[in-house]
Amino acid sequence: MEQGDVFKIIQKYTQDVPLILIGTGGTIPYGIPGMSQLADHLIAQVGAKHNSDKDWSLFQERLTAGLDLESALTGLNLSEQTMYDITSSTWKLITQHDLKLFYKMLKNEITLTLGKLLRAMCVPHPMQVNVITTNYDRIIEYSCDQFNLSINTLCDGRYMRLIDTELVKRNHKVNLLKVHGSLDWFEHENGNVYSLPLQSNIPEQMHPKIIPPGSEKYRSIAQPPCRDVIHIADNFIAKAESFLCIGYGFNDEQIQTNIISAIRKGKPIVVVTKKLSDTALTMISKNAVKYVVIQESITSGYTDFLMKDAMHTEKGEFWKIEDFYNILY
């Protein structure tokens with residue numbers, strides 16, 4: 001199979017404005033910490049306080065044995081205080097790097113190519129893109145601002161914003177669903193959840209409304225506002241003609257169950273990532289009728305294109321958003 005044939009398949013699979021899913025692999029290139037960096041941070045910042053907790057000790061043992069953060073936290077009965085500290089520490093780490101990126105963007109030191117891709121996607125009818133992310137960071141929002149795209153984050157108000165799921169019905173170029181919460185979201189002691197943009201510290205009487213990795217997320221995601229956001233995400237998935245996954249690792253049953261059902265019925269899926277896990281690759285290859293997985297080759301400077309009945313290796317780093325953009329446009 002020639003390069004032109006592969007690129008035409010990718011263009012065909014994404015021509016009807018796909019539903020876009022963005023995971024941590026889509027933001028790590030911009031300096032946002034990944035799971036391994038977060039794991040080291042949690043042990044350094046939270047570990048000393050909870051070393052007497054048997055489940056916390058088991059968590060650290062799992063990490064030392066080579067388990068990823070998500071798996072290491074799964075099945076543990078961590079105390080409410082421990083989970084509180086994990087959430088706070090996670091928010092502080094991600095916020096630190098997120099704000100650095102924001103100020104680099106303000107000084108025109110960086111171009112967020114993701115915004116360029118979203119802008120191009122907005123051109124075809126209906127001139128709207130739906131995006132689902134499991135990330136807490138604001139890179140998607142920054143990208144839209146940098147490329148002058150109106151974005152709907154389901155938050156209404158000016159400075160002390162409330163989450164309003166009815167906003168999804170308004171006409172914006174980009175609809176963004178943050179199914180695991182956002183750096184901007186905080187739960188007040190009074191029970192209300194507010195969106196307070198660009199905080200450098202956690203406001204008094206509030207706690208970050210983000211869902212940490214591990215089995216705790218299944219309980220947290222069943223509570224508002226994440227429960228309501230997931231419901232909207234299900235509707236987006238059902239209506240999507242195709243899917244484009246950027247740095248998404250397929251570790252969230254609440255989201256991917258309906259996607260797997262859709263690709264079994266023939267809806268195309270394109271996955272762009274540095275390296276897709278063997279588990280995720282098996283999931284895609286066994287269920288998808290039409291798919292292309294684009295990932296870094298074992299040979300430096302090359303990219304592998306994995307399809308239903310073919311594999312193609314091409315010189316270039318097309319698993320990066322910058323080069324992937326050039327395939328489509």
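Two strands pair if DSSP finds at least two bridges between them. The exercises below concern a predicted model.

**Exercise 1.** Find which residue of β10 stands opposite Leu-19, and how many bridges join β1 to β10.

*Solution.* Start with the two strands: β1 covers residues 19–22 and β10 covers residues 243–246. They run parallel, and 4 bridges join them. Within this pair, Leu-19 faces Phe-243 of β10.

**Exercise 2.** Place β1 and β10 in their sheet, and name the edge strands.

*Solution.* The sheet is open, has 9 strands with mixed pairing, and follows the order β3-β6-β2-β1-β10-β11-β12-β13-β14. Its edges are β3 (151–152) and β14 (311–315), each of which pairs on one side only.

**Exercise 3.** State which strands helices α6 and α9 meet, and at what angles they run.

*Solution.* Take helix α6 first: residues 113–121 pack on the sheet and touch β1, β2 (129–133) and β10. The direction of α6 makes about 175 degrees with that of β10. Next, helix α9 (residues 226–239) lies across β1, β2, β6 (174–178) and β10. Helix α9 runs at about 130 degrees to β6.

**Exercise 4.** Decide how many disulfides the model has, and say whether Cys-226 and Cys-245 are buried or exposed.

*Solution.* The cut-off between cysteine sulfur atoms is 2.5 Å. The count is 0 disulfides. For Cys-226, the nearest cysteine sulfur belongs to Cys-155, 11 Å away. Cys-226 has a relative accessible area of 1%, so this residue is buried. For Cys-245, the nearest cysteine sulfur is that of Cys-144, 18 Å away. Cys-245 is also buried, because its relative accessible area is 0%.

How values were computed:
Residues are numbered from 1 along each chain as its sequence is written. This is a predicted model: local features need pLDDT of at least 70, side-chain atom pairs count only at pLDDT 80 or more; totals for chains, interfaces and linings use all residues. Side-chain values use heavy atoms; hydrogens and water are left out. Buried means under 20% relative accessible area, exposed over 50%, partly exposed in between (1.4 Å probe, protein chains only). Contact means heavy atoms within 4.5 Å. Axes are lines fitted to C-alpha atoms, for helices over the stretch in contact, and angles run from 0 to 180 degrees between N-to-C directions.
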